[in-house]
Amino acid sequence: MSKRRHGGVLVLLVLFFIILTLVFLAIRYRQRKPMQDLFGVTIPVTYRDSLSKYAEHYSVDPFLLAAIAHTESSFRADVISSAGAVGLMQIMPESEEWLLPLAGIEKQDLSDPDYSIQLGACLLDYLLTHYQQNVVSATAAYNAGPGNVDFWLTKAKYSHDGINLIPEAIPFAETRQYVERVLRTRDALQQAYGGVFPSDQEP
């Protein structure tokens, strides 16, 4: 083998090990970074303890609850939608009224993050129970309302069994995109934290 050829092989080997090292460091770096969804958006879970507490209380997935909070408000407690939904979990005032006895709590300020998360978790639990733990149907109902989802489930083009809503067949474009974003964000959160929901004290 000529010196020139031998030198070329060494260069390729060095480049290979450099690339391998960079890939390894990138993986380690991602594991230590805050959660990121598949759209490249950083998701600082500012209210991790409240999300974890109420997810446990209502037996819902904390990552799903966090994904809904992010999709609804980007974790902003002061958001009021054009439709009148308020706070972190974007609760409608009329929804608040029937959720209060279900949650067994007194009426508070919907812009209060802890209160909003509790009502959102209670609503998610109600919807998951109503739809036999079907996440797609429950998530769609969080956005479009159970009335619409109940109707869609009666139609064969939207559901094959009356329980499982076909995600890509959801007739409202907004709800279809909402469900896709929530589920993709939930999956990214689970992957980023290895399936263990972090506390407020963790990086």
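A residue counts as buried under 20% relative accessible area, exposed over 50%, and partly exposed in between. Keep that rule handy, because Asp187, at 36%, lands in the partly exposed group. One thing to know early on: this is a predicted model. Below we look at helix 2 and then at some charged pairs.

**Helix 2 and its two sides**

- Helix 2 covers residues 48-57, and its buried residues are Arg48, Ser50, Leu51, Tyr54 and Ala55.
- Look down the axis of helix 2 and those buried residues fall within an arc of 165 degrees, so they line one face of the helix.
- Here's some background that helps: an α-helix has 3.6 residues a turn, so residues three or four places apart point the same way.
- What covers that buried set? Helix 3 (62-73) and helix 5 (113-130) are among the parts that do the job.
- Swing round to the other side of helix 2 and you'll find Glu56 and His57, which are exposed.
- Just after helix 2 comes Ser59, which has a positive phi of about 55 degrees.

**Salt bridges: the basics**

- Side chains of opposite charge can pair when their charged atoms come close.
- How many salt bridges are there? The count comes to five, and three of these pairs are described below.

**Asp114 and Lys53**

- Asp114 makes a salt bridge with Lys53, and their closest N and O atoms are 3.5 Å apart.
- Asp114 sits in helix 5 and Lys53 in helix 2, so this pair ties together parts that are 61 residues apart in sequence.
- Asp114 is partly exposed, with a relative accessible area of 25%, and Lys53 is also partly exposed, at 44%.

**Glu97 and Lys107**

- Glu97 pairs up with Lys107 in another salt bridge, with 3.1 Å between the closest N and O atoms.
- Glu97 belongs to helix 4 (residues 93-103), while Lys107 is in the loop between helix 4 and helix 5, so the pair ties together parts that are 10 residues apart in sequence.
- Buried, exposed or partly exposed: which label does Lys107 get? Lys107 counts as exposed because its relative accessibility is 53%, whereas Glu97, at 43%, is partly exposed.

**Asp187 and Arg186**

- Asp187 forms a salt bridge with Arg186, and the closest N and O atoms are 2.9 Å apart.
- Arg186 is buried, with a relative accessible area of 18%, while its partner Asp187 is partly exposed, with 36%.

Conventions. Residues are numbered from 1 along each chain as its sequence is written. This is a predicted model: local features need pLDDT of at least 70, side-chain atom pairs count only at pLDDT 80 or more; totals for chains, interfaces and linings use all residues. Side-chain values use heavy atoms; hydrogens and water are left out. Buried means under 20% relative accessible area, exposed over 50%, partly exposed in between (1.4 Å probe, protein chains only). Helices (H or I, at least four residues) and strands (E, at least two) are DSSP runs, numbered from the N terminus. The arc is that of the directions from the helix axis to the C-beta atoms. Contact means heavy atoms within 4.5 Å. A salt bridge is a side-chain nitrogen of Lys or Arg within 4 Å of a carboxyl oxygen of Asp or Glu.
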